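Welcome! Here are some short exercises to work through with the structure open beside you. Try each task on your own before reading its solution.

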Amino acid sequence: MRSLPMFLRMAEEMSRMPRLSPFQAFFHEPPVWSVALPRNWQQIARWQEREFAPPATVTKEGYRLTLDVKDYNELKVKVLDESIVLVEGKAEQQEEGDAGGYSSRHFMRRFVLPQGYEADKVTSSLSSDGVLTISVPNPPAVQEALKERVVPIEQTGAPAGKAAGQVAEESTETSKQ
C-alpha cells in the first residue's frame with residue numbers, strides 16, 4: 001500500500017509525456033538533449049569559442065588580445081602562415097606525500113589576425129598577475145580610419161521638441177502674413 005502513491009505519481013507523469021510509436025521512441029532524442037546539450041564535438045568547440053573567447057580590441061595603438069594564463073608555467077606564442085597567432089600553455093604539477101598525485105593541463109588557442117595586420121610585428125608581454133597580452137600595431141589603412149576629427153556644432157535656434165517639418169511650416173506661415 002505504501003507504493004501506491006508513488007505509482008500514481010508515475011502514472012500522472014507518464015500521462016504528461018508525449019505519446020510516440022515504438023519506431024519514433026527508438027529514434028527520438030529527449031527534448032533536454034536537443035536544447036541543452038550539443039550534438040557533436042563541433043558544436044562543443046563553437047560553444048567554447050563563444051563562452052571563453054578572449055576579448056580582442058582594436059585601439060589607436062593597434063590590435064590587442066588578452067588571455068589569463070596565471071595557472072600555466074610554460075607559455076609559447078607562435079605566428080603561423082603570416083596571419084595566425086598560436087598560443088600554447090602547459091602546467092604540470094606533481095604532489096608529494098602519501099597519494100603522490102600528478103596533474104597536467106594544456107591549452108592551445110589560435111587567433112586569426114584581421115586583414116592588413118602584419119604578423120611580423122606581433123609582440124607579447126606577460127604581467128606579474130598572469131595576464132598575457134598580444135599586440136600588433138595598426139597598419140596605415142586602419143590608422144587613417146581611426147583618426148579623430150572634431151565636428152563643429154551648429155546652433156539652430158529652434159526648440160528640440162519640434163520636428164524639422166513643423167519648423168519649416170511655421171516659417172512659411174509667418175512669411176505669408
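Let us start with one pair of residues: in strand S5, the bridge partner of Gln94 is Tyr102. Keep in mind throughout that this model is predicted.

**Exercise 1. The three-stranded sheet**

Task: Find the open sheet of 3 strands and work out the order of its strands.

Solution:
- Step 1. Begin with the pair you have just met, where Gln94 is matched with Tyr102 in S5. S4 and S5 pair in the antiparallel sense, over 11 bridges.
- Step 2. Now look for S3. This strand pairs with S4, again in the antiparallel sense, over 7 bridges.
- Step 3. Put the pairs together and the order reads S3-S4-S5, with antiparallel pairing. S3 and S5 are the edge strands, each pairing on one side only. From one strand to the next, the twist averages 10 degrees.
- Step 4. Zoom in on the S3 and S4 hairpin, which has 3 residues between its strands. Asp81 takes a positive phi there, near 50 degrees.

**Exercise 2. The four-stranded sheet**

Task: In what order do the strands of the 4-stranded open sheet come?

Solution:
- Step 1. Take S2 (residues 62–68) and S7 (residues 131–137), which are antiparallel partners over 7 bridges. Two matched pairs help you line them up: Arg64 stands opposite Ser135, and Tyr63 has Val136 as its bridge partner.
- Step 2. Move on to S6, which pairs with S7 in the antiparallel sense over 4 bridges. Here Leu126 stands opposite Leu132 of S7.
- Step 3. The hairpin of S6 and S7 has 4 residues between the strands, and Gly130 in this hairpin has a positive phi near 85 degrees.
- Step 4. The full order is S1-S2-S7-S6, with antiparallel pairing. S1 (56–58) and S6 stand at the edges with a single partner strand each, so one side of each has no neighbour in the sheet. The twist averages 20 degrees from one strand to the next.

**Exercise 3. Salt bridges**

Task: How many salt bridges does a search of the whole structure find? Describe each pair.

Solution:
- Step 1. The search finds 3 salt bridges. The cut-off to apply is a side-chain nitrogen of Lys or Arg within 4 Å of a carboxyl oxygen of Asp or Glu.
- Step 2. Lys70 and Asp68 meet this rule, with N to O at 3.1 Å. Lys70 is exposed, with a relative accessible area of 53%.
- Step 3. Lys78 and Glu88 form another, their closest N and O atoms being 3.5 Å apart. Lys78 belongs to S3 (residues 74–80) and Glu88 to S4 (residues 84–94), so the pair ties together parts that are 10 residues apart in sequence. Lys78 is partly exposed at 36%, whereas Glu88, at 14% relative accessibility, is buried.
- Step 4. Glu118 and Lys121 make a salt bridge too, at 3.7 Å from N to O. Glu118 is partly exposed at 40% relative accessibility, and Lys121 is partly exposed at 43%.

**Exercise 4. The cavity**

Task: Which residues line the largest cavity?

Solution:
- Step 1. Think about the method: rolling a probe the size of a water molecule over the atoms shows where empty space is left.
- Step 2. The count comes to 1 cavity of 30 Å³ or more. About 50 Å³ of space lies in the largest cavity.
- Step 3. The lining is made of Glu74, Leu75, Lys76, Glu88, Gly89, Lys90 and His106. S3 and S4 each supply at least two residues of this lining.
- Step 4. Sort the lining by class and you get 1 nonpolar, 2 polar and 4 charged residues.
- Step 5. Two of these names are linked in another way: Lys76 stands opposite Glu88 in S4.

**Exercise 5. A loop residue**

Task: Where does Gln115 lie, and is Gln115 buried or exposed?

Solution:
- Step 1. Gln115 sits in the loop between S5 (102–112) and S6 (123–126).
- Step 2. Its relative accessible area is 80%, so Gln115 is exposed. The cut-off for this class is over 50%.
- Step 3. Compare sequence with space: Gln115 and Pro139 are 24 residues apart along the chain, and their C-alpha atoms are 9.6 Å apart.

Technical notes. Residues are numbered from 1 along each chain as its sequence is written. This is a predicted model: local features need pLDDT of at least 70, side-chain atom pairs count only at pLDDT 80 or more; totals for chains, interfaces and linings use all residues. Side-chain values use heavy atoms; hydrogens and water are left out. Buried means under 20% relative accessible area, exposed over 50%, partly exposed in between (1.4 Å probe, protein chains only). Two strands pair if DSSP finds at least two bridges between them. On a 1 Å grid over the protein atoms alone, a cavity is a set of points where a 1.4 Å probe fits but cannot get out, and a pocket is an open set with protein on both sides within 12 Å along at least five of seven lines; lining residues have an atom within 4 Å of a point. Grid points are joined across faces, edges and corners, and a volume is the space filled by probe spheres set on the points. Ala, Val, Leu, Ile, Met, Phe, Trp, Tyr, Cys and Pro count as nonpolar, Asp, Glu, Lys and Arg as charged, and the others, Gly among them, as polar. Axes are lines fitted to C-alpha atoms, for helices over the stretch in contact, and angles run from 0 to 180 degrees between N-to-C directions.
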